[in-house]
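Please work through the exercises below with the sequence and the coordinates open beside you, and try each task before reading its solution.

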Amino acid sequence: MFTVTMEKECGCFKRSDFTNNMSFENKDDAMIQALNMTKEMNQDFCQKHEFSVQEMGENLFISVGDQGKSACCGGGHCG
């Protein structure tokens with residue numbers, strides 16, 4: 001079982017239709033989901049963070065990185 005996990009849910013993620021901790025039967029499906037989510041978040045969210053996928057065993061983590069802007073989206077994980 002492979003899991004796609006959003007490490008830190010920013011405000012944009014919480015307001016989106018995305019689901020955290022999704023499980024998949026195979027790695028390919030999990031990777032496709034994680035990459036699609038990351039692409040959409042990087043394009044459509046507030047642009048204050050950059051999202052990337054990190055693989056750790058059977059877990060795919062979507063991490064949140066600061067893009068160097070001074071304002072935060074309000075997710076509570078900055079600072």
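Three exercises follow, on the sheet, the nonpolar core and the aromatic rings.

This is a predicted model, in which local features need pLDDT of at least 70 and side-chain atom pairs count only at pLDDT 80 or more, while totals for chains, interfaces and linings use all residues. Residues are numbered from 1 along each chain as its sequence is written, and side-chain values use heavy atoms, with hydrogens and water left out.

**Exercise 1. The sheet**

Determine the strand order of the open sheet and state which strands stand at its edges.

Solution. Begin with the elements: helices (H or I, at least four residues) and strands (E, at least two) are DSSP runs, numbered from the N terminus. Two strands pair if DSSP finds at least two bridges between them. The 4 strands form an open sheet in the order β2-β1-β4-β3, with mixed pairing. At the edges stand β2 and β3 (49-56), each with a single partner strand, so one side of each has no neighbour in the sheet. From one strand to the next, the twist averages 20°, where axes are lines fitted to C-alpha atoms, for helices over the stretch in contact, and angles run from 0 to 180 degrees between N-to-C directions. Looking closer at one pair, β3 and β4 run antiparallel over 8 bridges, and Val53 has Ile62 in β4 as its bridge partner.

**Exercise 2. The core**

Identify the elements that give two or more residues to the largest nonpolar core.

Solution. A nonpolar core is a set of buried (under 20% relative accessible area, 1.4 Å probe, protein chains only) Ala, Val, Leu, Ile, Met, Phe, Trp, Tyr and Cys residues joined through side-chain atoms within 4.5 Å. The largest such core has 17 residues, and Met41 and Ile62 are among those with the most contacts inside it. The elements asked for are β1, α1 (11-15), β2 (22-24), α2 (27-44) and β4 (59-66), of which α2 gives the most, with 4 residues.

**Exercise 3. The aromatic rings**

How are the rings of Phe13 and Phe18 arranged?

Solution. Rings of Phe, Tyr and Trp (its six-membered ring) pair if their centres lie within 6.5 Å; planes under 30 degrees apart count as stacked, over 60 as edge-to-face and the rest as tilted. The structure holds 3 aromatic pairs. The centres of Phe13 and Phe18 are 6.1 Å apart and their planes lie at 15°, so this pair is stacked. Phe45 and Phe51, by contrast, are edge-to-face, at 5.6 Å centre to centre and 90° between the planes. Phe13, Phe18, Phe45 and Phe51 form one aromatic cluster.

Note on methods. Buried < 20%, exposed > 50% of the residue type's maximum accessible area, 1.4 Å probe, protein only.
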